[in-house]
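This report looks at charged pairs and at nonpolar packing. Please keep the sequence and the structure in view.

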Amino acid sequence: MRAIVRHTRPRNASLWNDMDRLFNNFFEDLPQDGFYAPRVDVREEEGRYLLEAEIPGFSEKDVDVKVDDNLLTISSVNVENSGKTEACYLVRERKIREFSRSFVLPKDVDNEKISGSFSNGILTLTMEKRPEAKPRQIEIRQEK
């Protein structure tokens, strides 16, 4: 008679998986060693790309966007005390955050036609495509 070995999940495995997921998601949003990386969405539309970055607690004056060749860099240093003497805090729970994220741009982006706007903690960069990068219809003629 053969023994059949079956792999069974413990009854509470689902609970452990849920707890793991909860803690992984919780710690995912916390800055690691003072490093903050804003979450971004990038989408392609006809004739352009849109990049949206969540940067709560920053203003448009705190954000620096640069393009060097085909490398787009978004960075900031939240310097609330620059030029001031160090304040004497009684409670200080908010940290001064800085970040830098870089993205390699697609070859069809026109670097001269990148524009940005900032509203409610969301930075939106619009990156226009070069006209020659857009698909065009090629007419096929019948030979005589």
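In this predicted model, Lys 129 and Glu 44 form a salt bridge, with their closest N and O atoms 2.4 Å apart. This pair links distant parts of the chain: Lys 129 lies in strand S7 and Glu 44 in strand S1 (residues 40-45), 85 residues apart. The two partners sit in unlike surroundings. Lys 129 counts as buried, at 14% relative accessibility. Glu 44 is exposed, with a relative accessible area of 53%.

**Salt bridges**

The structure holds five salt bridges. Among them are the three tabulated here.

| Positive partner | Negative partner | N to O distance |
|---|---|---|
| Lys 129 | Glu 44 | 2.4 Å |
| Arg 43 | Glu 52 | 3.3 Å |
| Lys 66 | Asp 64 | 3.6 Å |

Arg 43 is partly exposed, with a relative accessible area of 38%. Its partner Glu 52 is also partly exposed, at 25%. Both residues belong to a network of salt bridges that links Arg 43, Glu 45, Arg 48 and Glu 52. In the remaining tabulated pair, Lys 66 is exposed, with a relative accessible area of 53%. Asp 64 counts as partly exposed, at 32% relative accessibility.

**A buried acid without a salt bridge**

Where is Asp 110 placed? Asp 110 lies in strand S6 (residues 109-119). Asp 110 is buried, yet has no salt bridge. The nearest side chain of opposite charge belongs to Lys 113, 4.4 Å away. The cut-off for a salt bridge is 4 Å, so a pair at that distance does not count. Leaving aside residues up to four places away in sequence, Asp 110 touches Glu 128, Lys 129 and Arg 130. Lys 129 is thus a contact of Asp 110, while its salt bridge is with Glu 44.

**The nonpolar core**

In soluble globular proteins, nonpolar side chains tend to be buried together. Here the largest nonpolar core has 16 residues. Which members touch the most others? They are Leu 51, Ile 55, Leu 72, Ile 74, Leu 123 and Met 127. Four strands each supply at least two residues of this core: S2 (48-54), S4 (71-77), S5 (98-104) and S7 (122-129).

Met 127 has a mixed set of contacts beyond four places in sequence, listed next. Met 127 touches Tyr 49, Leu 50, Leu 51, Leu 72, Leu 105, Val 109 and Ile 114, along with Arg 48 and Lys 113. Arg 48 is also part of the salt-bridge network. Lys 113 is also the nearest oppositely charged side chain to Asp 110.

Technical notes. Residues numbered from 1 in each chain as written. Predicted model: local features only at pLDDT ≥ 70, side-chain atom pairs only at ≥ 80, totals over all residues. Heavy atoms only, no water. Buried < 20%, exposed > 50% of the residue type's maximum accessible area, 1.4 Å probe, protein only. Lys, Arg positive; Asp, Glu negative; His and termini not counted. Contact = heavy atoms within 4.5 Å. Core = buried A, V, L, I, M, F, W, Y, C linked by side-chain atoms within 4.5 Å.
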